[in-house]
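Student: I have a structure to go through, and I would like to know how its labels are justified. Can we take them one by one?

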Amino acid sequence: MRRIIVCFICFFMMLGNIKLVSADTKINSIIKNKNQDVLFVGTISHISDDYFVIIAKDYINIESTAEAIGKRTENHRYVIMRNGGISYTSSYHGKTTLEEGDYVIASLKKMKGKWIISNGLYEVDNEDYQTLSVKPCDKSPDVQSIILKYFINSDGRMNKFSSLSNKNKVYYRGKKIYDARWNMKKYLTIEEIRNSEKLKQMDHKTSLVGDTEEKTSYKIRKWIMLAVDVLAVVMIVRLLKKRKKN
């Protein structure tokens, strides 16, 4: 019975190109608040041979409970041991080493009384969480950096992303918010991607009016996945009834 359900799900997933962000990415762990105690935007204030210091400016409120807030340091100063060398998970300016004054997104975890890098250290273009970017817009940014940008820009409120298998488009709740064919010189703001008319204009400017095939296929996949869920429930109910009879 389980094999049948799995086969159905795999078959229908193969019909579409839209897929959720991979479960094993560091970005997904950041969004799901896994394996991290604090997530913030800040500045590297000091670097020595043995450690470096990050000053937190704005915490991303992925969890606003008293327990989560209590994990933050009192003066928002985080000392991290280098332990042989730490490099950026990604860098807006293509840096290979940390420098004092760098703006960063930091995902940290406390282990044995010491702070360590958990889901990555990302060098970004500025320290304003509402506008910062992880990679330059005009240099074909990867899907993960776009997702992280909008997650941070929205203070963690935007967290339902998906992308095409060819990695040229990014969606938020099924609505396209990035398309490499738009050839943008700068990213759309949070306000602009919430404006459906603005998004339509982006397609119109690049002769992609409607993108009807894409929208239709997404709706079809959505209904297919709903049908798969219903089918799985029905099959499980039947299996339980058979067990009761036996």
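**Labels and their reasons**

Tutor: We can begin with a group of charged residues: K176, D179, R181 and D203 are linked in a network of salt bridges. Keep in mind that this is a predicted model.

Student: How many salt bridges does a search of the whole structure find?

Tutor: The search finds 10.

Student: What makes the pair K198 and E192 a salt bridge?

Tutor: The cut-off is 4 Å between a side-chain nitrogen of Lys or Arg and a carboxyl oxygen of Asp or Glu. For K198 and E192 the closest N and O atoms are 4.0 Å apart, and the pair is therefore listed as a salt bridge. E192 has 26% relative accessibility, so E192 counts as partly exposed.

Student: What makes E197 and K200 a salt bridge, and how are the two placed in helix 6?

Tutor: Their closest N and O atoms are 3.6 Å apart, and the limit is 4 Å, so the pair qualifies. Helix 6 covers residues 196-205, and because E197 and K200 are three residues apart in this helix, about one helical turn separates them.

Student: Why are E197 and K200 called partly exposed?

Tutor: Partly exposed is the class between 20% and 50% relative accessible area. E197 has 47% and K200 has 46%, so both residues belong to that class.

Student: Are D155 and R157, which meet in a salt bridge, buried or exposed?

Tutor: The N to O distance between their side chains is 3.6 Å. D155 has 9% relative accessibility, under the 20% limit, so D155 is buried. R157 has 59%, over the 50% limit, so R157 is exposed. D155 also takes a positive phi of about 60 degrees, just after helix 4.

Student: Why is helix 4 called mostly covered?

Tutor: Helix 4 runs over residues 143-153, and 10 of its 11 residues are buried, so the description follows from the count. Among the buried residues are V143, I146, L148, Y150 and F151. K149 and N153 are buried too.

Student: What makes D142 a cap of helix 4?

Tutor: A polar contact needs N or O atoms within 3.5 Å. A side-chain oxygen of D142 lies 3.2 Å from the backbone nitrogen of Q144, so the distance meets the limit, and D142 caps the N-terminal end of the helix.

Student: How do you know that N119 is buried?

Tutor: N119 has 5% relative accessibility, and buried means under 20%, so N119 counts as buried. Its place is in strand 7, residues 114-124. A polar atom of its side chain lies 2.8 Å from the backbone oxygen of K34. Leaving aside neighbours within four places in sequence, N119 is in contact with several residues, including K26, I30, Q36 and S107.

Student: Why is S87 called partly exposed rather than buried?

Tutor: S87 has 47% relative accessibility, which falls between 20% and 50%, so S87 is partly exposed. S87 sits in the loop between strand 4 (77-81) and strand 5 (90-91). Beyond neighbours within four places in sequence, S87 is in contact with T96 and L98. The C-alpha atoms of S87 and T97 are 5.7 Å apart, although the two residues are 10 apart in sequence.

Student: What makes L226 suitable for a surface patch?

Tutor: A patch residue needs over 30% relative accessible area. L226 has 42% and is partly exposed, so L226 passes that limit. L226 lies in helix 7, residues 212-245, and forms a nonpolar patch with W223, V230 and V234. Together the four have about 410 Å² of accessible area.

Student: How many helices and strands does the protein have, and what share of its residues is buried?

Tutor: There are seven helices and 10 strands. Of the 246 residues, 41% are buried. The protein exposes about 14800 Å², and carbon and sulfur atoms supply 52% of that area.

Student: What is the mean pLDDT of the protein?

Tutor: The mean is 84, and 83% of the residues reach 70 or more. Over residues 5-23 the pLDDT is below 50, and this stretch has 33 contacts in the model beyond near neighbours in sequence. Where pLDDT is low, the predicted coordinates should not be read in detail.

Methods. Residues are numbered from 1 along each chain as its sequence is written. This is a predicted model: local features need pLDDT of at least 70, side-chain atom pairs count only at pLDDT 80 or more; totals for chains, interfaces and linings use all residues. Side-chain values use heavy atoms; hydrogens and water are left out. Helices (H or I, at least four residues) and strands (E, at least two) are DSSP runs, numbered from the N terminus. Buried means under 20% relative accessible area, exposed over 50%, partly exposed in between (1.4 Å probe, protein chains only). A polar contact is a pair of N or O atoms within 3.5 Å; within protein, one must be able to donate a hydrogen and the other to accept it, and residues adjacent in sequence count only if both atoms are side-chain atoms. Contact means heavy atoms within 4.5 Å. pLDDT is the predictor's confidence in each residue, from 0 to 100. Patches are made of residues with over 30% relative accessible area and no salt bridge: like charges are joined within 9 Å, nonpolar side chains (Val, Leu, Ile, Met, Phe, Trp, Tyr) within 5 Å. Accessible areas come from the Shrake-Rupley method with a 1.4 Å probe; for residues, only the protein chains shown count as cover.
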